[in-house]
Amino acid sequence: MIDVELKILDPRLGKDIPLPAYATEGSAGMDLRAAIDEPLTLEPGETALVPSGLAIHIGDPRWCALILPRSGLGHKHGLVLGNLTGLIDADYQGPLMISCWNRGAQAFTMQPGDRIAQLMFMPVAQARWRVVEAFDPSRRGGGGFGSTGVS
Ligand SMILES: O=c1ccn([C@H]2C[C@H](O)[C@@H](COP(=O)(O)OP(=O)(O)OP(=O)(O)O)O2)c(=O)[nH]1
Ligand SMILES: [Mg+2]
């Protein structure tokens, strides 16, 4: 468990619109809700940047957050993310925005307060480069992109 600062930007958050919370003890993600004033319809192929109504500041560069689609919405309704995955840097303090993409064949309408995506915190390792002339050989070497076969 880590402590993360949260700023409420939309006064409905924490009142009419619940703050993101873990739905069950084992939940990895907390659902993010649409802080919109009116229902928002996304036509097939359309993308919109939807406010979550809050800002977070993780502060510690050993952590980040990811915004991920909700599986039910993504699978059944085609509502995924315009950036596929949102990466929230530890030093970001601006509004948490959700890029919503209707990749489906039907229009999708979200209502104010609907749970449209989920937020997950993840440990981060920052790397520093150690430039070398050659790598110690590994079993894989340069093999990739199916080099190990299918079956
Ligand atoms: O779905 C997202 C993705 C990003 N962000 C915010 C937090 C993140 O820390 C910042 C920058 O994101 P990213 O580095 O992915 O975008 P960029 O296009 O590289 O912008 P920048 O040049 O500001 O880093 O935007 C969101 O609110 N929602
Ligand atoms: Mg960036």
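How far does the backbone oxygen of L42 lie from a polar atom of the side chain of N102? In this predicted model, the gap comes out at 2.9 Å.

**View 1. N102 sits in strand β8, with L42 in reach of its side chain.** Strand β8 runs over residues 95-102, and N102 is part of it. With a relative accessible area of 0%, N102 is buried. The pair to look for here is the backbone oxygen of L42 and a polar atom of the N102 side chain, 2.9 Å apart. Once residues up to four places away in sequence are set aside, N102 still touches L42, E43, P44, G45 and E46, plus H77, G78, A107 and F108.

**View 2. Here is what surrounds ligand 1.** Going round the ligand, you meet I67, N83, G86, L87, I88, D89, Y92, P95, L96 and M97. Sorted by class, that shell holds 7 nonpolar, 2 polar and 1 charged residues. Strands β7 and β8 each bring at least two residues to the shell.

**View 3. Zoom in on the polar atoms of ligand 1 and their partners N83, D89 and M97.** Start with the side chain of N83, where an N or O atom is 2.9 Å from an oxygen atom of ligand 1. Next comes the side chain of D89, which has an N or O atom 2.6 Å from an oxygen atom of the ligand. For M97 look at the backbone instead: one of its N or O atoms lies 2.8 Å from a nitrogen atom of ligand 1. As for cover, ligand 1 has 570 Å² of accessible area on its own, and the protein covers 49% of that.

**View 4. L87 and I88 share strand β7, but is each one buried or exposed?** Strand β7 spans residues 86-88 and includes L87, and I88 is found in β7 too. L87 is exposed, with a relative accessible area of 53%, whereas I88 is buried at 8%. Leaving out neighbours within four places in sequence, L87 is in contact with C64, A65 and L66. On the same basis, I88 is in contact with I56, I58, C64, A65, I67 and L96. Both L87 and I88 also belong to the residues around ligand 1.

**View 5. These are the residues annotated as "binding site" in UniProt.** The unreviewed UniProt entry puts that label on R70, S71, G72, N83, L87, I88 and D89. They span 20 residues in sequence and the farthest two C-alpha atoms are 26.4 Å apart, so don't expect them all to gather at one spot. When you compare this view with the ligand close-up, note that N83, L87, I88 and D89 are among the residues surrounding ligand 1.

**View 6. L84 has a positive phi.** Its phi is near 65 degrees, and L84 is a residue other than glycine. You'll find L84 in the loop between β6 (79-81) and β7. L84 is exposed, with a relative accessible area of 57%.

**View 7. F145 has a positive phi as well.** Here phi is near 50 degrees, again in a residue other than glycine. F145 is placed in the segment after β10, the strand at 115-123. Its relative accessibility is 94%, so F145 counts as exposed.

How values were computed:
Residues are numbered from 1 along each chain as its sequence is written. Chains are lettered from A and ligands numbered from 1 in the order in which they are written. This is a predicted model: local features need pLDDT of at least 70, side-chain atom pairs count only at pLDDT 80 or more; totals for chains, interfaces and linings use all residues. Side-chain values use heavy atoms; hydrogens and water are left out. UniProt positions are given in the numbering used here, feature names are shortened, and annotations may be inferred rather than shown by experiment. Helices (H or I, at least four residues) and strands (E, at least two) are DSSP runs, numbered from the N terminus. Buried means under 20% relative accessible area, exposed over 50%, partly exposed in between (1.4 Å probe, protein chains only). Contact means heavy atoms within 4.5 Å. A polar contact is a pair of N or O atoms within 3.5 Å; within protein, one must be able to donate a hydrogen and the other to accept it, and residues adjacent in sequence count only if both atoms are side-chain atoms. A residue is near a molecule or strand if one of its heavy atoms lies within 4 Å of it. Accessible areas come from the Shrake-Rupley method with a 1.4 Å probe; for residues, only the protein chains shown count as cover. Ala, Val, Leu, Ile, Met, Phe, Trp, Tyr, Cys and Pro count as nonpolar, Asp, Glu, Lys and Arg as charged, and the others, Gly among them, as polar.
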